[in-house]
Amino acid sequence: MSADRSFEDLVAEGVAVPTEGWDFSWFEGRAGEARPSWGYRSAGERLAGAEAALDIQTGGGEVLDFALGRAEPARPVLVTATEGWPPNVARATALLRPRGVVVVAAPDDAPLPFADEAFDLVLSRHPVRPHWAEIARVLRPGGTYFAQHVGPASVFELVEYFLGPQPEEVRRARDPERERADAEAAGLEVAGLRAERLRMEFHDIAAVVHFLRKVVWMVPGFTVEAHEARLRALHERIRNEGPFVAHSTRHLFDLRKPER
């Protein structure tokens, strides 16, 4: 059990675990996060009704692979995905190639490398930031953007433990109502928007270390060496008081591009 293991041993394990892709199964039993009530698995239902689909910032392709499995045999004729981090491009390509999905290496902040009105469905799970004008451009009239986004101040109990109190503007970034306004300004119509705040628990310091190495934007430039004192203090806190509790925020967009 992790309660019987030393700080050094747990940290070494957290550092050693590979960070590629979006498979979070390693955290089972040592960290947990409540899931939104809507269940992003419904992406499979959207795929089943589409002809040409794009998954933006697919990570290691795990979520798209799962959704395609649920859509079979009524999956789209054309499915493609983008990803900006080279290790994830390779991982997603290996996973999705058997399903006939082409993974395109594309920086997250670059224009989408596709023609206008190429897709009737665009998906994304936890994009770094949505490029609304590009999403609207590649959608066909009547097409759908269906995506789960990270919301404002997500896991900020952990962020502020390491970085201290954050400015209000930083805490309000990714606000769903602000994103709604930006989507509408790009010409998209909001058919649905739901938001929830969800409990997270970290049961040992290895889980904290691995999480901050994997989700790199939480504590930019995180290293064990730079944050050793805070990590040691948190290790003792978890041993003495139980899991470190934080809260994630998520919102689900269901958007439409108007018919001509």
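Okay, so Arg256 is partly exposed, with 28% relative accessible area. Its salt-bridge partner is Asp254, and the two side chains come to 2.2 Å, N to O. Asp254, on the other hand, is buried, at 13%, because anything under 20% falls in that class. Keep in mind that this is a predicted model.

Now, on to the wider picture. How many salt bridges does the structure hold? There are 25 of them, and I'll just walk through a few. As a reminder, side chains of opposite charge can pair when their charged atoms come close.

Next up, have a look at Arg260. That one pairs with Glu117, and the closest N and O atoms sit 2.4 Å apart. Where are the two partners in the chain? Arg260 is in the segment after strand S8 (244-256), while Glu117 is in the loop between strand S4 (102-105) and strand S5 (119-125), so this salt bridge ties together parts 143 residues apart in sequence. As for accessibility, Arg260 is exposed at 79%, whereas Glu117 is partly exposed at 30%.

Last stop, Arg5 and Asp9. Their side chains form a salt bridge at 2.9 Å, N to O. Buried or exposed, or somewhere in between, for Asp9? Asp9 comes out partly exposed, with a relative accessible area of 36%. Arg5 is partly exposed as well, at 25%.

And that pair doesn't stand alone: Arg5 and Asp9 belong to a network of salt bridges that also takes in Glu13, Arg30 and Asp204. If you have the model open, go ahead and pull up those five residues, Arg5, Asp9, Glu13, Arg30 and Asp204, together.

Definitions and conventions:
Residues numbered from 1 in each chain as written. Predicted model: local features only at pLDDT ≥ 70, side-chain atom pairs only at ≥ 80, totals over all residues. Heavy atoms only, no water. Salt bridge = Lys/Arg side-chain N within 4 Å of Asp/Glu carboxyl O. Buried < 20%, exposed > 50% of the residue type's maximum accessible area, 1.4 Å probe, protein only. Helix = DSSP H or I, 4+ residues; strand = E, 2+ residues; numbered from the N terminus.
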